[in-house]
Amino acid sequence: MEEWEEYEYKPKSVKEIFVEMKNTAEFMVDLAYSSVLFGEKELAEEVIELEEYLDMLNYHLMVHAVLAARSPKEAEQITSILHMAHSIDDISNAAADLAKMILEEVELHPIIKQVILESEEVIGRFIVTPDSILVGKTLEELKLASNTGVWILAVRRGKRWLFDPDGDFKILAGDVLIGRGTQTSIDYLKEIARGVIKVIGNE
Amino acid sequence: MSELEEIKSCLIEMKDISSLMVDLAFSSVMYNSEDIAEEVYLLEERMDELTLKVKKLALKAAKEEEKPTKLLSIIEMASINEAISDAAYKIADLVLRDVEPHPIIQRIMEDTEEELGRITVRKGSVLIGQTLKQLKLPSKIGTRIIAIKRGTRYIYNPGKDDTIEEGDVLIAVGSDLDRLRELAGEEVEEE
């Protein structure tokens with residue numbers, strides 16, 4: 001047992017894995033809704049791929065759990081981890097089912113898109129024009145999420161997609177951004193991307 | 001209201017509820033909050049009602065639709081939201097069950113210095129009638145409002161222009177929620 005105690009399998013802390021799992025599950029649902037709203041198969045495919053990533057995170061959580069068990073009682077408690085892993089898997093499966101509606105070309109009732117557009121957290125698509133102040137800046141420099149209230153889920157550049165871009169992602173003219181936020185914040189970023197509003201974050 | 005309009009408003013509520021449930025379920029575990037886990041439980045009940053309602057309405061609407069098969073996508077969407085909420089409920093259930101969770105889950109719970117809770121806005125509270133923008137709760141008392149429950153409806157991720165009303169239940173996270181409890185007019189036990 002001593003040997004195992006020393007072997008520290010720590011790609012990330014348990015907490016970090018858990019937070020990452022939460023974010024990934026939520027991201028998958030958002031991305032799935034985006035794919036349905038815009039009929040974009042690439043977005044749907046990414047949702048399916050994220051399932052594998054979530055499986056990997058689940059696996060890391062299990063490794064932590066097994067290594068942490070030091071008594072039969074703790075080993076029994078492992079059911080709570082399995083329980084949680086299973087539930088997170090259910091969420092990702094639901095997101096994948098949503099994405100499959102697009103991949104399998106299910107005939108969508110027009111209500112579906114209206115629902116996505118009228119819920120509290122909506123999804124918007126922004127085409128960055130050359131005049132926009134976004135051009136040439138990174139998400140970090142712009143503090144886009146806090147300044148506009150829009151969280152960028154994915155970016156299409158030409159035919160390529162980038163998912164869940166990080167802070168040093170630089171926006172170029174012609175980029176198509178897909179983001180989540182409230183209706184007001186979505187409208188605001190649309191104007192900025194179009195080049196109508198020339199300042200960002202007035203607070 | 002026509003059946004389709006009714007379906008639409010149900011589905012919108014379901015979509016909002018399922019995202020809120022996922023957020024609250026994970027948070028209830030991270031902050032080991034039974035209050036919030038209970039909130040997830042209540043939302044789950046509402047979700048079940050809505051799911052059944054949408055399915056019934058879709059069947060009724062099928063009579064008048066030119067292509068009734070299109071309504072399948074509506075039933076599918078309702079089921080997907082129900083599946084998400086069931087999963088969220090199971091996660092929150094870890095907090096509600098008497099069974100002691102695995103040390104790993106306890107470790108997730110322990111190293112957080114913040115608290116997540118429900119606070120009811122009482123009559124006469126200074127918060128009433130103020131917008132979140134006016135209140136500046138994050139900078140003034142280090143508290144962030146995740147959702148506002150008003151009657152049976154929830155305002156998820158409330159914005160700057162949302163106003164607090166008497167009777168609202170605030171779902172908030174912060175290092176010291178007692179300050180918010182005082183402002184909301186709840187009685188705070190002196191330590």
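**Group meeting: a walk through chains B and A**

Hi everyone, let's start with chain B: among its contacts with a separation of 6 or more, 76% are between residues 24 or more positions apart. Please keep in mind that this is a predicted model.

Here is the overall inventory. Chain B has 7 helices and 4 strands. If you follow the sequence from start to finish, the pattern reads α-α-α-α-β-α-α-β-β-β-α. The C-alpha trace of chain B spans about 65 × 45 × 25 Å along its principal axes. Chain B has 191 residues, and 44% of them count as buried.

Now, how are the strands of chain B ordered in the sheet? The order is β1-β4-β2-β3, in an open sheet of 4 strands with antiparallel pairing. At the edges you find β1 (115-120) and β3 (153-156) of chain B; each has a single partner strand, so one side of each has no neighbour in the sheet. From one strand to the next, the twist averages 25°.

Let's zoom in on one edge. Strand β2 of chain B, residues 143-150, pairs with β3(B) in the antiparallel sense, over 4 bridges. If you want a spot to click on, Arg150(B) stands opposite Arg153(B), which is in β3(B).

Next come the helices on that sheet. Helix α1 of chain B, residues 3-30, lies across β1, β2 and β3 of chain B, and it runs at about 70° to β3(B). Helix α2 of chain B, residues 34-62, also packs on the sheet. The strands that α2 of chain B touches are β1 and β4 (169-174) of chain B, and its direction makes about 65° with that of β1(B).

Let me switch to chain A, where I'd like to talk about domains. The domain assignment gives domain 1 as 2-110 and domain 2 as 120-194 in chain A. Taken over C-alpha atoms, the centres of these two domains of chain A are 26 Å apart. Their contact takes 10 residues from domain 1 of chain A and 9 residues from domain 2 of chain A.

Which elements give two or more residues to the side of domain 1 of chain A that touches domain 2 of chain A? Those are α2 (14-38) and α3 (41-68) of chain A. Of the elements on that side, α2(A) gives the most, with 7 residues. By class, that side of domain 1 of chain A has 6 nonpolar, 1 polar and 3 charged residues.

That's my tour, thanks for listening!

Technical notes. Residues numbered from 1 in each chain as written. Chains lettered and ligands numbered in written order. Predicted model: local features only at pLDDT ≥ 70, side-chain atom pairs only at ≥ 80, totals over all residues. Pairing = 2+ DSSP bridges. Axes fitted to C-alpha atoms, helices over the stretch in contact; angles between N-to-C directions. Contact = placed C-beta atoms within 7 Å. Buried ≥ 20, exposed ≤ 12 C-beta atoms within 10 Å, placed from the backbone. Domains from an automatic or database assignment. Nonpolar A, V, L, I, M, F, W, Y, C, P; charged D, E, K, R; others polar.
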